[in-house]
Amino acid sequence: MEIELKLLIAPEDVGAFRRHRLLKEFSCGKPVSQQLVSTYFDTPDLYLKQHQAALRVRKLGRSWIQTLKGGGRVDAGLHQRHEWECAVKGRQVELASLLPLVDEPAARLLLEAPGLAARLQEVFTTSFRRTAWMLRLPRGAEVELALDQGFVDSGERQTVISEIELELKSGEPGELFDFALALQEDIPVIGCNASKAECGFALRQPAGDMVPAEIWKSEPLVFDPHVSLIEGVQAIVRNCMTHVQRNEAGVVAEGARGYHPGSVECLHQMRVGLRRLQSCIAMFRRQVACPEPLRRQLAGVNKALGAARDWDVLAHETIHAIAHAFPEESQLEQLRQRAVVHARLQHRHAAAMIGSVAYSRLMLMLASWLQTLQTVAADGAAVQPGSLRRFGEEKIRSRQRKLLQRDPGRSKDNRISPAALHRLRIAVKKARYPAEFFVSCFPGKRMQRYLQGLTSLQDSLGRITDAASSTPMLLELAQRHGELEQAAGFIRGYMAAQMPCKEKQAAAVWKAFASLKLPTA
């Protein structure tokens with residue numbers, strides 16, 4: 001299992017890095033440099049890539065080494081992957097020599113696919129100069145630090161390689177983050193979740209292609225019945241961070257290549273991941289202590305993404321649906337286009353933030369905190385690890401009780417007060433996240449019905465709050481584009497007329513949810 005932290009460094013900062021005090025302080029000897037040329041292989045339909053694997057042959061001096069990498073995970077730039085390698089006679093792959101070394105079942109099945117060897121072909125190459133230092137960090141970790149400078153070449157396109165890899169040879173992974181954060185105080189390095197192989201495959205995408213970036217939703221959490229509380233916290237935080245970081249590339253790509261409706265879901269999913277992460281931190285606040293600065297910075301990122309998401313909903317859902325229902329109102333489409341312009345601007349702001357050193361530092365600090373997570377109470381006193389399953393059941397019951405206390409009630413005309421709706425939606429969110437986190441602890445279908453009820457209730461309330469939040473944006477559009485004031489007023493009037501119906505629907509969904517039985521572990 002290879003464990004390494006990858007950091008991007010601008011070529012103009014390499015000189016300062018080579019002279020940096022951290023290299024002088026922790027280096028165990030002189031650096032070693034060598035030129036590395038690697039050829040990556042896959043099938044025409046990218047069979048290996050589809051299974052999150054990469055196969056290469058690298059020339060080291062006069063020797064040739066073939067390597068298979070796959071599996072594992074990436075957390076804030078920390079890559080943990082299976083790796084197998086052996087010597088070969090030349091530039092070609094020799095699967096027969098590699099297969100006996102592969103001891104992971106999924107990887108063996110991958111290599112044993114019928115006819116794989118015959119279908120393999122060169123897909124891209126990497127060529128870079130590697131300068132490596134051996135470091136011994138303060139708490140004893142032994143690390144190989146590699147500075148790689150070169151390029152990836154797909155034949156028709158190239159991209160620059162300028163990165164630092166910190167590979168853990170022994171010790172705790174948390175020391176890698178400590179070193180990166182110390183380095184970042186002087187040099188604007190950025191955590192990188194993409195491997196060289198992923199960069200090479202990205203070059204196969206035609207330049208200027210507007211195919212939406214890959215959208216990642218949260219992966220289900222499955223816990224062993226006897227998992228400890230601290231292990232559960234780490235798993236949930238890691239799951240949330242993965243949800244966030246897998247969508248970063250899509251958000252940044254929108255800012256780089258232009259905004260279009262098909263890719264706004266990356267930003268939406270990233271925001272959902274951030275809310276899940278914030279909910280997890282709040283839920284375990286008495287068991288683990290997340291530093292207040294990190295919580296504030298997370299809230300700031302969520303707020304920035306929220307502004308872009310609000311304009312997306314207005315342009316692509318609210319105005320779009322009403323314009324479709326009233327095609328004779330020609331100004332509605334013009335209004336929608338103006339809203340799209342504002343959404344595009346907010347996406348650019350979000351992309352710039354996600355690509356910044358400040359955001360990278362936040363993710364590195366979160367990952368460092370996760371690596372050294374300790375179960376401490378709010379007052380700093382140590383607490384017993386406890387059972388995650390028991391904690392989950394207690395938390396779900398507590399959140400459900402508070403939710404049911406938010407029975408919105410209705411006036412004589414069956415309308416729910418705005419204040420009651422706001423409180424109810426917050427309570428629904430607080431109940432839904434622990435139910436999703438701990439769903440594997442509850443057997444049977446009752447939990448699935450409970451979650452479905454929460455989802456339906458949140459969606460129903462969301463349609464009301466989306467309408468309410470659109471008012472200031474419509475007023476801004478009307479103020480900036482006076483010729484569209486009538487169209488903005490039409491949208492506001494239509495939504496106001498629809499509000500009683502939406503509130504009645506929400507009341508009906510609430511009634512159905514309130515009748516559900518709470519699942520038990």
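A residue is classed as buried when its relative accessible area is under 20%. In this predicted model, R336 has a relative accessible area of 13% and is therefore buried. The residue belongs to helix α13, which spans residues 331-354. Within that setting, the side chain of R336 forms a polar contact of 3.1 Å with the side chain of E333. When neighbours within four places in sequence are set aside, the contacts of R336 are A315, H316, I319 and H320.

E2 is likewise buried, its relative accessible area being 7%. This glutamate is located in strand β1, comprising residues 2-8. A polar contact of 3.2 Å links its side chain to that of K69. K69 also appears among the contacts of E2 beyond four places in sequence, together with H79, Q80, R81, E83 and E167.

E167 recurs in the surroundings of E142: with neighbours within four places in sequence excluded, E142 is in contact with L135, R136, E167, L168, K169 and S170. E142 and E167 lie 25 residues apart along the chain, and their C-alpha atoms are separated by 8.7 Å. E142 is part of strand β7, which covers residues 142-153. Its relative accessibility of 29% places E142 in the partly exposed class, because that class falls between the limits of 20% and 50%. The side chain of E142 engages the side chain of R136 in a polar contact of 2.6 Å.

Note on methods
Residues numbered from 1 in each chain as written. Predicted model: local features only at pLDDT ≥ 70, side-chain atom pairs only at ≥ 80, totals over all residues. Heavy atoms only, no water. Helix = DSSP H or I, 4+ residues; strand = E, 2+ residues; numbered from the N terminus. Buried < 20%, exposed > 50% of the residue type's maximum accessible area, 1.4 Å probe, protein only. Contact = heavy atoms within 4.5 Å. Polar contact = N/O pair within 3.5 Å; in protein donor to acceptor, adjacent residues only side chain to side chain.
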